[in-house]
Amino acid sequence: MNESRRLFVKSFGCQMNVYDSRRMADTLAPRGYVETASAGDADLVILNTCHIREKAAEKVYSELGRVRRLKEQAAAAGRRLMIAVAGCVAQAEGEEIIRRAPAVDLVFGPQSYHRLPELLARAERGDKPVDTEFPLDDKFDRLAAPSAAATRARGVAAFVTVQEGCDKFCTFCVVPYTRGAEVSRPVGKIVAEVERLVASGVREVTLIGQNVNAYHGDGADGRTWSLARLLERVSAIEGIERLRYTTSHPRDMADDLMAAHRDLPKLMPQLHLPVQSGSDRILAAMNRRHTRADYLQTVARLKAARPDLALTSDFIVGFPGETEADFAETLGLVDEIGFSGAFSFKYSPRPGTPGAEMADQVDEDTKSDRLRRLQVAIDRRQAAFNRTCLGRTVDVLFEKAGRYGGQLVGRSPYLQPVQVTAPASMLGAIAAVTITEIASNSLFGALAHAPAREPALLGAGA
Ligand code: SF4
């Protein structure tokens, strides 16, 4: 039996990173690593980094300064604290991290997580391994599955990575460089992972990938399956109540995927479909390979398939060359589509991407002003969407206890957080809730029916 050691993993950025962090913890669990909520107690700190946001690398170096002080305090107390940097900044910076932050013991990119035990063993011997290869072996095969207890502790909604990497090369994005080319996991492995999750009480699964709707995995019949076919197969797993997928590219919204929104009752009526800009000129400069009209047509077809579909999106303002007229087209698109929510960011150049080399970069003040105006428009549309829910009765999956006693927090089909007074025994249950009040970021509701006498067991089937 391994001696118990404490692991602290800090995830930055997207859901892919949250998922990867969990799989790293699962991979280290057989080696005696138990997760701790405090970096100060840890024997191993992993920073799982993200390269999407502005000054990502600088933020990692400043975080490393804080962790280095913890390492010094641990050493003064006679304890060894190891520091690892993972994720997209690790991939992009490689050896540079060890050079600038010598307290770091190991560096590894997103394709090397399954080699973590070997890398850690080398680091313990005093090497400073840096692994940023794109190996050909299937890292998912070699990553450990979570224990039933770990799955139960993480709740009733889970992510499953089905696809990684991207071949699109949008001119602002580092993903094709940090995560590599598109790779899809085979159907059988995804189904087995979902079945394990269901056996531990999971009821909602979100299939994730950088470009998830480009999924093209090997099916058991020897053919290549689309995301739509995968969703159909996963929705047939008994015990799965809800399905989602993210993040999608507008160009990959295939006919069968749109039809899945009509045909699969478990596929929730919510879709995150980044558009980035409403201007054709800027979409072309971004190499998005779709126009504003293409996007509108895709949305119209999706709404025809599923009329209550709630759409969310991503926007970048101040891309090089963006004029006030281009920006006005983005604002117009927000109103025309009526998104139920959106993430919006100022463009910031990523070294090594074509956008960083473009002339006519937009000045910071203009970017800030446009971001503020865009966010006002998005908030207005989000509030309008939320108001349409007032008085409606929707199914809510209760995921966790609320901040106040006697309250549970769950998600509506449209992914809105909903706070409800309900007994703790309903954690993990799906119940009809009438929406009674709207706040800026969440909804409040009341159970439409008295709770059932039989409590819903979070770990049913385990
Ligand atoms: S499709 Fe998404 S992940 Fe791929 S390059 Fe474009 S923004 Fe990046």
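**Close-up 1. R242, a buried residue in strand β13.** In this predicted model, R242 has a relative accessible area of 2%, so it counts as buried. The residue is part of strand β13. Setting aside residues up to four places away in sequence, R242 touches quite a list of partners: R203, E204, V205, K266, M268, D395, V396, L397, R411, S412, P413 and I430. Take P413 as an example of how the chain folds back on itself: R242 and P413 sit 171 residues apart in sequence, yet their C-alpha atoms are 8.5 Å apart in space.

**Close-up 2. E241, in the loop between α10 and β13.** Here we look at E241, which is found in the loop between α10 (227-235) and β13. With a relative accessibility of 32%, E241 counts as partly exposed. Skip the neighbours within four places in sequence, and E241 is in contact with R203, K266 and I430. Another residue to find in this view is L267: 26 residues separate E241 and L267 along the chain, and 8.8 Å separates their C-alpha atoms.

**Close-up 3. Helices α14 and α16, side by side.** Helix α14 covers residues 324-337 and helix α16 covers residues 364-389; their axes come within 9 Å and cross at roughly 15°. Angles under 35 degrees count as roughly parallel, and α14 and α16 are therefore roughly parallel to each other. Their crossing is right-handed. On the α14 side, look for E324, F327, T330, L331, V334 and D335; they meet R370, R373, L374, A377, I378, R380 and R381 in α16. What kinds of residues make up this contact of α14 with α16? They divide into 6 nonpolar, 1 polar and 6 charged.

**Close-up 4. Helices α9 and α10, packed at an angle.** Helix α9 (residues 187-199) packs against α10 at about 35°, and the two axes are 10 Å apart. The crossing of α9 past α10 is right-handed. From α9, the contact takes in V187, I190, V191, V194 and E195, while α10 brings L230, R233 and V234. Sorted by class, the residues of the contact of α9 with α10 come out as 6 nonpolar, no polar and 2 charged.

**Close-up 5. Where α11 meets α13.** For α11 and helix α13 (residues 292-305), the packing angle is about 35° and the axes are 7 Å apart. The α11 residues to pick out are D255, M258, H261 and R262, and their counterparts on α13 are T298, R301, L302 and A305. The mix in the contact of α11 with α13 is 3 nonpolar, 2 polar and 3 charged residues.

**Close-up 6. E124 and R5, a salt bridge across the sequence.** The count for the model comes to 36 salt bridges, and this view shows one of them. E124 pairs with R5, and the closest N and O atoms are 3.0 Å apart. The partners come from distant parts of the chain, 119 residues apart: E124 belongs to helix α5 (residues 116-124) and R5 to strand β1 (residues 5-11). Are these two buried or partly exposed? E124 is partly exposed, at a relative accessible area of 34%, and R5 also counts as partly exposed, at 27%.

**Close-up 7. R179 and D20, a buried pair.** R179 and D20 form a salt bridge, with 3.0 Å between the closest N and O atoms. R179 lies in the loop between α8 (175-178) and β9 (183-184), whereas D20 is in helix α1 (residues 15-28), so the salt bridge ties together parts 159 residues apart in sequence. Both R179 and D20 are buried.

**Close-up 8. K168 and D252, linking two loops.** In this salt bridge between K168 and D252, the closest N and O atoms are 2.7 Å apart. K168 lies in the loop between β8 (163-164) and α8, and D252 in the loop between β13 (242-246) and α11 (255-263), so the pair ties together parts 84 residues apart in sequence. Both K168 and D252 are buried.

**Close-up 9. A salt-bridge network.** Which residues are joined into one network by salt bridges that share partners? They are E322, E324, D369, R370, R372 and R373. You have already met some of these residues, because E324 in α14 and R370 and R373 in α16 also belong to the contact shown in Close-up 3.

Key
Residues are numbered from 1 along each chain as its sequence is written. This is a predicted model: local features need pLDDT of at least 70, side-chain atom pairs count only at pLDDT 80 or more; totals for chains, interfaces and linings use all residues. Side-chain values use heavy atoms; hydrogens and water are left out. Axes are lines fitted to C-alpha atoms, for helices over the stretch in contact, and angles run from 0 to 180 degrees between N-to-C directions. Helices (H or I, at least four residues) and strands (E, at least two) are DSSP runs, numbered from the N terminus. Angles under 35 degrees count as roughly parallel, over 145 as roughly antiparallel, 65 to 115 as roughly perpendicular and the rest as oblique. A crossing is left-handed if the near helix is turned anticlockwise from the far one by less than a right angle, and right-handed if clockwise. Contact means heavy atoms within 4.5 Å. Ala, Val, Leu, Ile, Met, Phe, Trp, Tyr, Cys and Pro count as nonpolar, Asp, Glu, Lys and Arg as charged, and the others, Gly among them, as polar. A salt bridge is a side-chain nitrogen of Lys or Arg within 4 Å of a carboxyl oxygen of Asp or Glu. Buried means under 20% relative accessible area, exposed over 50%, partly exposed in between (1.4 Å probe, protein chains only).
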